Amino acid sequence: MLHRPEYLKALVFCGLIGIPVSLIAFWFLVAVEELEELIWTDWPRDLGWDQAPWWWPLPLLLVAGVVVGLAVARLPGRGGHIPAGGLHPGGMTKAALPGVVVAALSGLPLGVVLGPEAPLIALGGGLALLFASLVRAPENEAGAALLGAAGSASAISVLFGNPVVGAVLLMEVAGVGGPQLFAVMLPALLSSGIGALVFTGFGSWTGLHTGSLRIGLPKAPALDIGDVLWSLLLAPALALLIHGVFVGGRHAARFVSSRTASRTVRNTVVCAVGTGCCIALYAVATGRSPSEAALSGQATLSVLAQDPHAWSVGALVAVLAFKSLAYSLCLGSMRGGPIFPALFLGGAAGALLAPLPGFGLVPAMAAGMAASVTAALRLPVSSVVLVVLLLGNVDTVAVVVLASVVSFVLTQLLPQGPRMP
């Protein structure tokens, strides 16, 4: 294939397209983050509050519901894919770009419990096709798929700051290799995780060492049997939680879906206001900022990981309950990505259970994040790569792999709920 001139031309063109797509994706993410900071931090302080009051999400989510509902009902492409159906690699057109941008920028900064990854995938793919048409590149189905995948990978890599995550994620989302990919990769992933666990165990328990590829990263506490056993119990519990959240999201998607634009907008607003009520109830119950239960959870997860003792047991239980409900409503009614809320819920569950005897904070959060994001995406390899990258801790890879495999198998065996509209 590399000897074919048309493929080499496509390869060069994909590389060139990656430059403007990544720049636009960068500024898209900057806009989302700056708007979140302005709306949830700066405005409350300017009005004299130390943090956003409990009722703050209600008017914001009302506005988000109206705008997103109109984008879904009136604009081409329906604002992008419904997140309750998972990530999708293609199907985005140039005409759908305005709807994707409007739905994302009017929802994500206003408190929608979703992340920016799905809009970025749609934005990258649509922009690649747009640039191809501007330079009058030959159009065919195979070329469109190649350009769309390249543009999506470029955009998503900006979010995660790593090209490997973008490539692996898009490869798994696109289903390269079909069902046989999972049939081969799942046993390989499981056996490699167990192999790493055995290696870790013998290395730390016997005091013997073999050659290593490590390059001097800071030493983390070694895994012990308690970490492994608790991780194996935490993984199915989180898989059940996230699976239930997605089943609820599919019910919400069927509720929102309608043949008439007015009903679509109305039902979207109902779900958005329901999301705002969940967030407000969290703030009332805990006295903490409603922003912790709103938004994607990406920034809050970092704060939680750095100082988990600042969260009481009640606050962690409350954020798990209310953010899960809000997440479920948003999955079926709003537009965004499912990754970061799932990561936050897994991390919060890990922080909640870390005080258990023999369970450390780092392996607890690692196992929780791996189990929850795998249950959300149904992409075990991408989930492992993503969690390891985010943690920056290679010593927890074994429990990450085990939790991911357990979560994937369990969610595949469970009833999947109603079909997507």
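Phenylalanine 359 is buried in this predicted model, with a relative accessible area of 7%. Its ring partner, tryptophan 230, is partly exposed at 27%. A search of the whole structure finds six aromatic pairs. Two of them are described here, along with a tryptophan cluster, two charges over rings and a nonpolar surface patch.

**The pair of Trp230 and Phe359**
- Tryptophan 230 and phenylalanine 359 form a stacked aromatic pair.
- Their centres are 6.4 Å apart, and the planes make an angle of 25°.
- Stacked is the label because planes under 30 degrees apart count as such.
- This pair links distant parts of the chain, 129 residues apart.
- Tryptophan 230 sits in helix H8, which covers residues 225–256.
- Phenylalanine 359 lies in the loop between helix H12 (339–353) and helix H13 (361–377).
- Phenylalanine 359 counts as buried because its 7% falls under the 20% cut-off.

**The pair of Phe26 and Trp27**
- Phenylalanine 26 and tryptophan 27 form an edge-to-face pair.
- The distance is 5.1 Å centre to centre, with 80° between the planes.
- Phenylalanine 26 is partly exposed, at 42% relative accessible area.
- Tryptophan 27 counts as exposed, at 57% relative accessibility.

**Nonpolar surface patch**
- Phe26 and Trp27 also belong to a nonpolar patch on the surface.
- The other members are Val12, Leu16, Ile19 and Leu23.
- Together the patch residues have about 650 Å² of accessible area.
- Leucine 23 is found in helix H1, residues 5–46.
- Leucine 23 counts as partly exposed, with 49% relative accessibility.

**Tryptophan cluster and Trp43**
- Ring pairs link Trp49, Trp55 and Trp56 into a cluster.
- Tryptophan 43 is in contact with Trp56, a member of that cluster.
- Leu38 is also in contact with tryptophan 43.
- These two contacts leave aside neighbours within four places in sequence.
- Tryptophan 43 is found in helix H1.
- Tryptophan 43 counts as partly exposed, at 39% relative accessibility.

**Charges over rings**
- Arginine 288 lies over the face of tryptophan 311, at 4.3 Å from the ring centre.
- Lysine 323 lies over the face of phenylalanine 344, at 5.1 Å from the ring centre.

Technical notes:
Residues numbered from 1 in each chain as written. Predicted model: local features only at pLDDT ≥ 70, side-chain atom pairs only at ≥ 80, totals over all residues. Heavy atoms only, no water. Phe/Tyr/Trp six-rings, centres within 6.5 Å; stacked < 30°, edge-to-face > 60°. Buried < 20%, exposed > 50% of the residue type's maximum accessible area, 1.4 Å probe, protein only. Helix = DSSP H or I, 4+ residues; strand = E, 2+ residues; numbered from the N terminus. Lys NZ or Arg CZ within 6 Å of the ring centre and 35° of its normal. Patch = residues over 30% accessible without salt bridge, like charges linked within 9 Å, V, L, I, M, F, W, Y side chains within 5 Å. Areas by Shrake-Rupley, 256 points an atom, 1.4 Å probe, with all protein chains shown as cover. Salt bridge = Lys/Arg side-chain N within 4 Å of Asp/Glu carboxyl O. Contact = heavy atoms within 4.5 Å.
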